[in-house]
Amino acid sequence: MSSPDRSALRSTNTHVLVESESLGEGGAISLDDDTEHHLRRVLRLRDGDVVSVTDGARRWCLAVTVSSGGGLALEATSEVVTEVTPSRAVTVASAMPKGDRLDWMVQKATELGVDRLVLLHAD
């Protein structure tokens, strides 16, 4: 198995969050029923589609989808990469956005790796 670089994450359209023990060193990655249903029925992934898999604790790998007993499973295609924790925490301070944009802002800040989001009262 190869060790992917971080740019490989951008090349995948699907990202999956799994339990820490599911993200072992290679082999099959176990999925819960809801995740398997979402990948197979909602996203309509087929054999060979590439996804990135993370445990939410700065560990990730690339995997491909494979058919498994009428369902869908993931097979790791790369080594598990452990990201180094940044030496400085990133804080973003922002005025409270209007409407439903707060959800969007929190989502994007999280995707960028922001550690803390401070909402300011502003006129």
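Helices and strands are DSSP runs, numbered from the N terminus. In this predicted model, the chain reads α-β-β-α-β-β-β-β-β-α-β along the sequence. The secondary structure amounts to three helices and eight strands.

The chain has 123 residues, and 30% of them count as buried. About 8600 Å² is exposed. Carbon and sulfur atoms supply 49% of that area. Among contacts with a separation of 6 or more, 56% link residues 24 or more positions apart.

Strand β1 covers residues 14–17 and includes Leu17. Its side chains alternate between two faces. Thr14 and Val16 point to one face and are buried. His15 and Leu17 point to the other face and are not buried. For Leu17, the relative accessibility is 57%. The cut-off for an exposed residue is over 50%, so Leu17 counts as exposed.

Strand β3 spans residues 50–54 and runs parallel to β1. Four bridges join the two strands. Within β3, Thr54 is the bridge partner of Leu17. Thr54 is also one of the residues that Leu17 touches, along with Asp55 and Gly56, when residues up to four places away in sequence are left out. Val53 lies 36 residues from Leu17 along the chain. The C-alpha atoms of Leu17 and Val53 are separated by 6.0 Å. Leu17 thus combines an exposed side chain position, at 57% relative accessibility, with a bridge to Thr54 in β3.

Key. Residues are numbered from 1 along each chain as its sequence is written. This is a predicted model: local features need pLDDT of at least 70, side-chain atom pairs count only at pLDDT 80 or more; totals for chains, interfaces and linings use all residues. Side-chain values use heavy atoms; hydrogens and water are left out. Buried means under 20% relative accessible area, exposed over 50%, partly exposed in between (1.4 Å probe, protein chains only). Contact means heavy atoms within 4.5 Å. Two strands pair if DSSP finds at least two bridges between them. Accessible areas come from the Shrake-Rupley method with a 1.4 Å probe; for residues, only the protein chains shown count as cover.
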